[in-house]
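Please open the model in your viewer and keep the sequence panel beside it. The tour below proceeds by selections, from the whole chain to single residues and then out to the surface.

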Amino acid sequence: EYLDRLIAGRQLSAENAELKEGTPNTELSAYWNYYTRLTEELLLIRIPVEEPWKILGWFPFRYGEGRLERAELLAIAKHWYEAYGAIPAVVGMDEVEFYVARPVEDERQALQLAKEQCAFCPAVTEQGKNTTLGMLAQALLHSTVWYFWWD
């Protein structure tokens, strides 16, 4: 599977994988400007797809540090939709938020998902509030929103 190769390529190990102190995310925020404390200008768009994970295929950009190709991005979105009911809810120039219908329920599953998310978007631990794999995994146990951004 693509995610397994991506995880191996990023050399994500069990180091710092002890689950502790993760901060769950339950609110969409990509449209909010924390400096002005106002909503950013945005478009509400109805995308004509039957499978919600295909939404990301409609946008003309590539995500990821290694710049994921459209097929790779869609494969990940499909996997997360099937496993967790994750639907792309907010899409920006350099960020994506997924609404998650079925958050992870156990620590083993949370740790695997944390590895997937770190491989998909290294900034989730390199620059985020959950700075270790274990902190991210703990946060994912309760998160109904997943936020990703790329510089």
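## From the whole chain to its core

Begin with the whole chain of this predicted model, in which 46% of the 151 residues count as buried. Colour by secondary structure, and 5 helices and 5 strands should appear, arranged along the sequence in the pattern α-β-β-α-β-β-α-α-α-β. If you turn on contacts between residues at least 6 apart in sequence, 67% of them join residues at least 24 apart. With the surface displayed, the accessible area of the chain comes to about 9,000 Å², and 49% of that area belongs to carbon and sulfur atoms.

Next, select Trp 80, Phe 98, Phe 120, Trp 146 and Phe 148, which are the residues with the most contacts inside the largest nonpolar core, a set of 32 residues. Helix H2 (70–84), S4, H3, H4, H5 and S5 each supply at least two residues of this core. As a general rule, in soluble globular proteins nonpolar side chains tend to be buried together.

Keep Trp 146 selected and show its surroundings: which residues is Trp 146 in contact with, leaving aside its neighbours within four places in sequence? The contacts are Trp 80, Tyr 84, Ala 86, Val 96, Glu 97, Phe 98, Val 100, Leu 113, Gln 117 and Leu 140.

Now select strands S4 (residues 95–100) and S5, which run antiparallel and are joined by 5 bridges. Within this pair, Glu 95 stands opposite Trp 149 in S5. Strand S5 itself is mostly covered, with 4 of its 5 residues buried.

Move on to helix H5 (residues 133–140), where 8 of the 8 residues are buried; the selection runs through Leu 133, Gly 134, Met 135, Leu 136, Ala 137, Gln 138, Ala 139 and Leu 140. To see what covers H5, add helix H3 (107–120), helix H4 (123–126) and strand S5 (145–149), against which the buried residues of H5 pack.

Finally, return to the surface and select Leu 28, Tyr 31, Leu 42 and Leu 44, which form a nonpolar patch with about 400 Å² of accessible area together. Centre the view on Leu 28, in the loop between helix H1 (2–10) and strand S1 (32–33). Is Leu 28 buried, partly exposed or exposed? Leu 28 counts as partly exposed, because its relative accessible area is 30%, and this class lies between the cut-offs of under 20% for buried and over 50% for exposed.

Technical notes:
Residues numbered from 1 in each chain as written. Predicted model: local features only at pLDDT ≥ 70, side-chain atom pairs only at ≥ 80, totals over all residues. Heavy atoms only, no water. Buried < 20%, exposed > 50% of the residue type's maximum accessible area, 1.4 Å probe, protein only. Contact = heavy atoms within 4.5 Å. Patch = residues over 30% accessible without salt bridge, like charges linked within 9 Å, V, L, I, M, F, W, Y side chains within 5 Å. Areas by Shrake-Rupley, 256 points an atom, 1.4 Å probe, with all protein chains shown as cover. Salt bridge = Lys/Arg side-chain N within 4 Å of Asp/Glu carboxyl O. Pairing = 2+ DSSP bridges. Core = buried A, V, L, I, M, F, W, Y, C linked by side-chain atoms within 4.5 Å.
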